[in-house]
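These are my notebook entries on a single chain. I set out to look up its aromatic ring pairs first and its strand pairing afterwards.

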Amino acid sequence: MIELLVQWPQGALVSEMAADLGRTVGELFRIVVVMEQLGYLQKSQTTDRYTVTYKLLDLAYRATPSQDLVRAALPEMQVLAMEAGQSCHLVVPNGGRGIVIAREEQPGTRGFALKVGAHIDIVASCSGQVILAFSNDQRREQIVRAAESERGIEVDRAWLAERKEAIRAAGFDLRKSPITYGVTDISFPVFGFDREIIAALTIPFLELIDGSQKVHIEAACDLLRSATMRVSDRLGYQPG
């Protein structure tokens, strides 16, 4: 039911959920009432449609390392957005995809940012490839297999190995966005106390036609590198 409601941003009636799930209204109604009482669903007073509340997000943060990660990253992300004049977002692996768990928008009037909760292609995206490049072999293969299962296509392991070597040699990834014109994605790894990658911090660098962006892309790289080092330090990372 929760997964179904994700596809209904305006909410769904009990009858609509029942039809989509192949259940009777009576079967679903009892579940919906209990979930509403527990705070997982909320009902519109005007349309009677049900939507998912933020309780699930709160539980996810408290039940996973995400809370500590976000707490450590947000102050640095705020400084980064201010100094670079660019938005940034934090991505962690989630099954065979990446998910944005925090973002900071640049303070100006023009910018580009992903929403918290947005899913990204962990195999093809800049953030995803940084996560894969710095993951150990077992974890990388686990993520790739999950991505193959979810996407229904086979990942080119030879191509992925080449990307891994190039990213590890550089220490980060920088390339034109495959989705948005005028945006160059820059992504650096964030490491935890166990020296394993825990997330990727990314700037979708928006280059303005008149060149009026606050800093050039080289400076943004330096600022992002420093920010990820400070976040990793907050998480207890000690370079070997």
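Entry 1, burial of a first ring. I worked throughout from a predicted model. I looked up F172 and found a relative accessibility of 17%, so F172 counts as buried. For F188 I noted 3%, and F188 therefore counts as buried too.

Entry 2, ring pairs. I counted three aromatic pairs. F172 and F188 form one that is stacked, with 4.6 Å centre to centre and 5° between the planes. I then checked where the partners lie: F172 is in the loop between α8 (157–170) and β6 (173–176), and F188 is in strand β7 (residues 183–191). The two are 16 residues apart, and the pair links distant parts of the chain.

Entry 3, a second pair. I looked up F191 and Y237, whose ring centres are 5.1 Å apart with planes at 25°; the pair is stacked because that angle is under 30 degrees. F191 belongs to strand β7 and Y237 to the segment after α9 (217–234), so this contact ties together parts 46 residues apart in sequence. I recorded both F191 and Y237 as buried. Ring pairs join F134, F191 and Y237 into a cluster.

Entry 4, a charge at a ring. I returned to F172 and found the charged end of R225 over its ring, 5.7 Å from the centre.

Entry 5, the sheet. I traced an open sheet of six strands in the order β5-β4-β3-β8-β7-β6, with antiparallel pairing. Which strands stand at the edges? I found β5 (119–120) and β6 there, each with a single partner strand, so one side of each has no neighbour in the sheet.

Entry 6, β7 and β8. I noted that β7 pairs with strand β8 (residues 197–206) in the antiparallel sense over nine bridges. F188, already entered for its stacked ring pair with F172, has L201 as its bridge partner in β8.

Entry 7, β3 to β5. I read seven bridges between strand β3 (residues 88–94) and strand β4 (residues 97–104), which pair in the antiparallel sense. The bridge partner of H89 in β4 is R103. The hairpin of β3 and β4 has two residues between the strands, and in it I found G95 with a positive phi near 70°. I followed β4 on to β5: two bridges join them, and they run antiparallel. There, G98 stands opposite I120 in β5.

How values were computed:
Residues are numbered from 1 along each chain as its sequence is written. This is a predicted model: local features need pLDDT of at least 70, side-chain atom pairs count only at pLDDT 80 or more; totals for chains, interfaces and linings use all residues. Side-chain values use heavy atoms; hydrogens and water are left out. Rings of Phe, Tyr and Trp (its six-membered ring) pair if their centres lie within 6.5 Å; planes under 30 degrees apart count as stacked, over 60 as edge-to-face and the rest as tilted. Helices (H or I, at least four residues) and strands (E, at least two) are DSSP runs, numbered from the N terminus. Buried means under 20% relative accessible area, exposed over 50%, partly exposed in between (1.4 Å probe, protein chains only). A charge sits over a ring if NZ of Lys or CZ of Arg is within 6 Å of the ring centre and within 35 degrees of the ring normal. Two strands pair if DSSP finds at least two bridges between them.
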